[in-house]
Structure formats: structure tokens, C-alpha cells
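Let us take a walk through a protein fold together. Keep the picture in view and follow along one piece at a time.

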Amino acid sequence: MNRFLDSIDSYIFILNKKLEIMFCNKKLLNKLKCSESDIDKVQISSDTKIDNKSISCKINDIKKDEVLNLDLILYIEDREFKLKGKITNGCFYSKDVVFVSSDNIEMIVYKKNLKNKTMEDNIKKEIKGSEKSISTLISLLKKVEQGTPLEEILKDIDIKQCIEQILGEIYKIELMKKDFELLLQISADIAGVMDNNGYLKTVGQNWTSYLGWSEQEILESNILHLVHEGHKDKLCKILNSDNEDIVVVENKIICKNNEYKWFRWNFKLVKEKNVFAFTTRDITKEKEQEKQRKKLEETVHLESIKNEFFANMSHEFKTPLNIILGTVQLVDRNINDENIYWNENTNLSRHMKLIRQNSYRLLRLVNNLIDMTRINNGYYELKLANHDIVNIVEEITLSVAQYIEGKGIELIFDTNCEEKIIACDPEKIERILLNLLSNSIKYTNKNGNIYVDLQVDEEKINISVRDDGEGISKDKLPIIFNRFVQDDEKLTKKCEGSGIGLSLVKSLVEMHGGKITVYSTKGVGTNFEFSLPNKATHCEENEINKNYNYICDNNKIEMCNIEFSDIYGM
């Protein structure tokens with residue numbers, strides 16, 4: 001009969017009245033990917049709201065030659081199969097079974113009643129399967145101890161089956177042992193057993209790869225001899241405790257190369273054996289990362305304190321500077337009105353010029369510090385509006401042309417566009433250009449040239465300030481935009497400066513969504529190029545500021561004097 005069922009081109013299995021599967025034909029076994037010995041693992045239930053008891057009743061009520069159609073589900077380990085089964089009475093095979101056939105079986109995702117899902121479930125299942133064999137052996141042992149004759153003991157026992165069961169259990173234990181050893185080898189944790197004196201009884205093989213000690217050296221050593229001196233007391237308290245909870249501790253262990261590594265231990269007291277089972281993991285990298293994180297937090301905190309200090313000091317400087325500059329202006333007016341008299345041998349104008357120039361230097365430094373602090377703290381905002389960038393750059397360039405030409409340097413402006421409206425902050429663009437022009441003037445000799453160029457393409461507005469001056473050394477180019485960096489390292493500098501102007505320029509360009517770069521060759525010249533996005537804000541046409549009204553003459557002169565305070569002549 002079994003051969004006949006194997007030859008049928010349908011999925012067929014036989015159920016007893018307890019809904020236990022007694023037989024599966026080969027086609028079904030192949031579909032389920034299991035062998036005949038695994039048939040007892042296959043379970044069945046209904047795909048409807050009918051419970052198993054109702055299914056059992058329906059099957060028991062099937063009459064001869066009657067066919068019952070039911071949607072069924074077969075479960076085997078982590079797989080689930082859905083089928084529409086035709087159930088018939090199998091009295092010609094056995095009166096206690098029914099036949100189930102189906103022409104189509106569909107494997108679906110198994111979401112409910114998942115069996116053997118975890119290692120723990122598998123282990124429990126193996127242990128449960130072993131209990132029957134152990135119970136049989138214990139029963140035999142008791143009979144032997146009671147002196148029961150061997151013939152009587154063997155009379156009710158299938159010796160072959162008993163031996164096969166025992167060998168099967170031994171084989172399963174060996175497999176479990178190999179699985180456990182493999183798990184320990186690939187695990188990031190080291191597992192083992194330690195007595196309450198600190199001697200290791202068993203330990204994972206990967207301990208050697210972590211510490212360098214051989215397995216024999218580890219087992220002959222006391223763990224307390226390997227633990228860092230400052231961590232021994234805590235470990236001793238754990239080993240002397242009778243607390244059965246899992247205890248976590250971190251300490252340093254010395255390696256064979258005399259270096260220390262950090263480990264995190266999980267200890268569990270096994271009172272029955274008076275030993276500690278443990279797992280431990282190398283956390284040296286974690287500790288290094290934690291150390292780096294704390295260092296970064298401290299650096300950020302110090303930077304915050306420094307910025308706050310600069311902000312406070314800058315504001316404190318600005319008040320007396322404004323008083324000094326106000327007084328200088330008042331003295332200048334009285335000199336011009338001839339209300340102040342001085343000795344003919346005293347060059348009062350020169351002294352006033354020195355006071356004004358150095359006050360401007362301080363004011364420039366203070367303004368830069370305040371702006372950098374605001375940028376770093378996120379308080380600095382751009383006043384973006386639609387402006388003609390060509391007009392802005394041209395006006396700023398022309399405003400300093402006379403001053404630059406007075407230094408014996410020729411200033412040349414060029415553009416490929418007559419008008420271009422973009423979103424920008426004119427005051428910040430002015431700050432950028434004046435800083436770059438000031439930088440070029442410092443290092444361009446008499447009869448030199450400074451070129452301001454503006455080029456427009458579809459995506460960007462490209463602006464450059466180029467000179468044929470002294471140039472910047474190659475090793476300084478990568479850090480030229482860092483704060484407090486200057487190229488001139490001589491004790492006596494040709495020009496004064498704080499070294500934060502270019503850092504501020506970079507920040508202002510980037511706040512506009514642009515990018516700045518520098519190209520330079522020592523003795524040939526320097527080219528600063530920065531780009532701005534070629535886009536405008538959404539607004540009405542009449543809100544576009546096509547003409548940039550540059551600051552009035554008096555303020556313009558003062559602004560230039562502040563920006564160029566470290567380079568204009570005495």
C-alpha cells in the first residue's frame with residue numbers, strides 16, 4: 001500500500017483519529033523537506049475557526065466512501081504549509097485512520113505557534129526526549145539492584161530498540177557538545193567556570209587570542225594574580241559572596257606582553273558545585289572610545305568657555321574704544337577749528353593719527369572676535385534679500401580704488417555680467433571683500449597689481465581677489481583659514497594682524513551657502529576664490545534691491561580705515 005501511495009502524483013498523508021500523522025508519501029516528504037523519521041514532528045491544524053477537537057469529531061464522523069473538504073495547515077519546525085485537503089475514510093487500510101490528499105500545497109510565513117524558535121527551546125526539546133531513555137535505564141538499574149533475574153528483565157524489553165535509544169542519546173549529547181564548543185569559539189564572549197579562590201576550572205579557547213597566555217598557563221594561574229591591583233578587592237568580594245544573582249564587574253587583566261586589557265565580567269554563583277560560571281568580553285576598544293568621547297566633551301566645553309570669555313572681553317573692550325575714538329574725533333575737530341594750541345616742535349597730527357590708527361586696530365580685532373563668537377554660538381544671522389551682486393562688488397571695489405592706488409598698486413575690476421540678482425547680505429559681502437583686499441594690499445609691493453573678478457554661470461557666482469604679491473608658503477595653505485594663523489612667522493612682521501580675518505571670511509561665505517578656496521605660489525602671488533549660489537529669494541519684483549546704496553562717504557572712509565588699519569601709512 002505504501003508503494004502504491006508513493007507512486008500517486010498527489011500529496012498524501014494518513015492520520016489516526018488523534019490527528020497524528022502516521023504516513024506521508026514521498027512527494028509530500030520532498031515538499032516538506034523532511035525524512036520518514038521526522039514524520040512525528042509534523043503537526044496539523046485547521047485554517048478556519050474550527051478547533052482541533054471539532055476537526056477530530058468531523059474526521060470520526062466520516063462514513064465509508066464519504067469525502068470531507070477542509071482547509072488545513074501543516075507545521076514542521078519553522079515552516080508552515082497551507083493546503084486544501086480531501087479527507088476520506090481509510091477503512092480498507094485500517095479502520096482507525098483516514099486519508100488526506102491535496103493537489104496543491106503552499107508554504108506560507110509561520111507567525112503563530114512557532115516551535116523550536118530559540119536555542120533554549122531546542123535544548124529543552126532534546127532534554128525532554130532524553131528523559132524517556134533515562135527513565136528506562138533507571139528502571140533497569142533498579143531491577144538489577146533488586147536481584148531480578150536477567151531473563152525476566154529482558155523478557156519485557158526490546159534489547160535492540162533500547163541499545164539504539166542509548167546510542168542515539170549519546171550521539172545527540174556529542175552533537176550538543178560540538179555545537180556548544182563551536183558557539184564558544186565564534187562568540188565575542190569568553191565562557192568558563194571559576195572556583196571561589198579565583199582558579200579557572202574551564203575556559204574558552206579564545207581566551208588565548210585575547211590575552212596571549214596558553215590554555216595551560218591560564219588554568220595554572222589564579223585570576224586574582226592577573227587582575228590589575230586596583231580592581232582586585234571588588235573581584236574578591238564577588239568570589240566570597242553567596243549572592244546567586246548575576247553580578248557584572250569591569251576590570252583590567254594583564255596580557256602576556258605585559259599590556260592591560262579591559263574586560264566586562266558576568267558572574268553567576270552555582271551553589272550546588274560551589275563554583276562561579278562566567279562570561280567575559282574584551283571592552284578595551286569601548287573604553288578607548290569612551291575616553292575619546294569624554295575628551296571631546298571636555299574640548300567642546302573648553303571651547304565654549306573660551307568663546308564666552310572672548311565675547312565678554314570683546315564687549316568690555318568696545319566701550320572704552322568708542323570713548324577713545326569719540327575723544328579723538330572731538331580733538332581733531334578742535335584742531336581744525338584752531339581751538340587747540342600746541343608747541344610748533346610737536347607733531348600733534350601725527351600723534352592723533354597714531355592714536356586713531358591703533359584704536360581702529362583694536363576695534364577691528366574686537367569686531368572680529370565678537371562676530372566669530374556669535375557665529376560659533378549660532379547667534380549670527382544673515383539679512384538675506386535680493387540684490388544685484390555685480391553692483392555690490394563693483395561699488396565696494398571702487399570705494400577703495402583711490403586708497404589702493406595711493407599705495408602704488410593698480411586695482412583692476414572685471415566681470416562677464418552687467419547685472420545679476422541673487423539672495424545675499426550686502427554688509428557681509430562688503431566684510432568679505434574688504435578683508436580679502438586688505439590681505440592682498442599687505443603682501444603686494446609697490447607697482448604690483450590686484451585683480452577683482454566676477455564671473456556668473458548657471459549655478460554659481462564666482463568672485464576672486466588675486467594679486468601678484470609675495471604669496472603664501474605651501475605648508476600654510478591647508479590652515480590659512482584657521483583662526484589665529486598667519487603666514488609670516490618672523491618676530492618682526494611686515495604687517496600687523498590677528499590672524500582671524502580669513503577665518504571670519506570663510507564663515508561668512510559658508511553662511512551664504514558658498515565655498516572659498518585659496519591658490520598661491522611663494523614669490524608669485526595669491527588668488528582667493530569664493531562662490532555664492534546663483535539663486536534669489538521668492539519675492540515680488542518691486543522688492544528686489546537692484547541698486548546697492550553703499551554707505552555714505554564719511555562712514556565709508558571710516559570702514560576702510562578700520563579694515564586697512566594695519567597697513568595704511570603713518
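The paragraphs below visit a sheet, a helix that lies across it, and some helices elsewhere. Please keep in mind that this is a predicted model.

We can begin with the sheet. A helpful idea to start from is that the strands of a sheet pair through backbone hydrogen bonds, in either a parallel or an antiparallel way. Here, five strands make an open sheet, and reading across it gives the order β9-β8-β12-β11-β10, with antiparallel pairing. Which strands stand at the edges? They are β9 (200-203) and β10 (247-254); each has a single partner strand, so one side of each is left without a neighbour in the sheet. The strands do not line up exactly: neighbours are turned by 30 degrees against each other on average, if direction is ignored.

Now look at how individual strands meet. Strand β11, residues 260-270, pairs with strand β12, residues 275-282, through eight bridges in the antiparallel sense. One of the partnerships you can find is R264 with R281 of β12. These two strands form a hairpin with four residues between them, and in the turn N274 has a positive phi of about 55 degrees. On to another pair: β8 and β12 are joined by seven bridges, again in the antiparallel sense. There, A191 stands opposite T279 in β12.

The sheet also has a helix for company. Helix α10 (residues 232-239) lies across β8 (189-195), β10, β11 and β12, and it runs at about 135 degrees to β10.

Next, find helix α12, which covers residues 348-376. How far does α12 reach from its first C-alpha to its last? The 29 residues of α12 span 42 Å, close to the 42 Å expected at 1.5 Å a residue. Just after α12 comes G378, with a positive phi of about 80 degrees.

Our last stop is a pair of helices. Helix α15 (residues 426-442) packs with helix α16 (residues 501-511) at an angle of about 145 degrees, and their axes are 10 Å apart. The crossing of α15 past α16 is left-handed. On the α15 side, the contact is made by K428, R431, I432, N435, L436 and N439, while α16 brings G501, L502, L504, V505, L508 and V509. Sorted by character, the residues of this contact are seven nonpolar, three polar and two charged. As you look at these positions, remember that an α-helix has 3.6 residues a turn, so residues three or four places apart point the same way.

Notes: Residues numbered from 1 in each chain as written. Predicted model: local features only at pLDDT ≥ 70, side-chain atom pairs only at ≥ 80, totals over all residues. Heavy atoms only, no water. Axes fitted to C-alpha atoms, helices over the stretch in contact; angles between N-to-C directions. Left-handed = near helix turned anticlockwise from the far one by under 90°. Contact = heavy atoms within 4.5 Å. Nonpolar A, V, L, I, M, F, W, Y, C, P; charged D, E, K, R; others polar. Pairing = 2+ DSSP bridges. Expected span 1.5 Å × (residues − 1).
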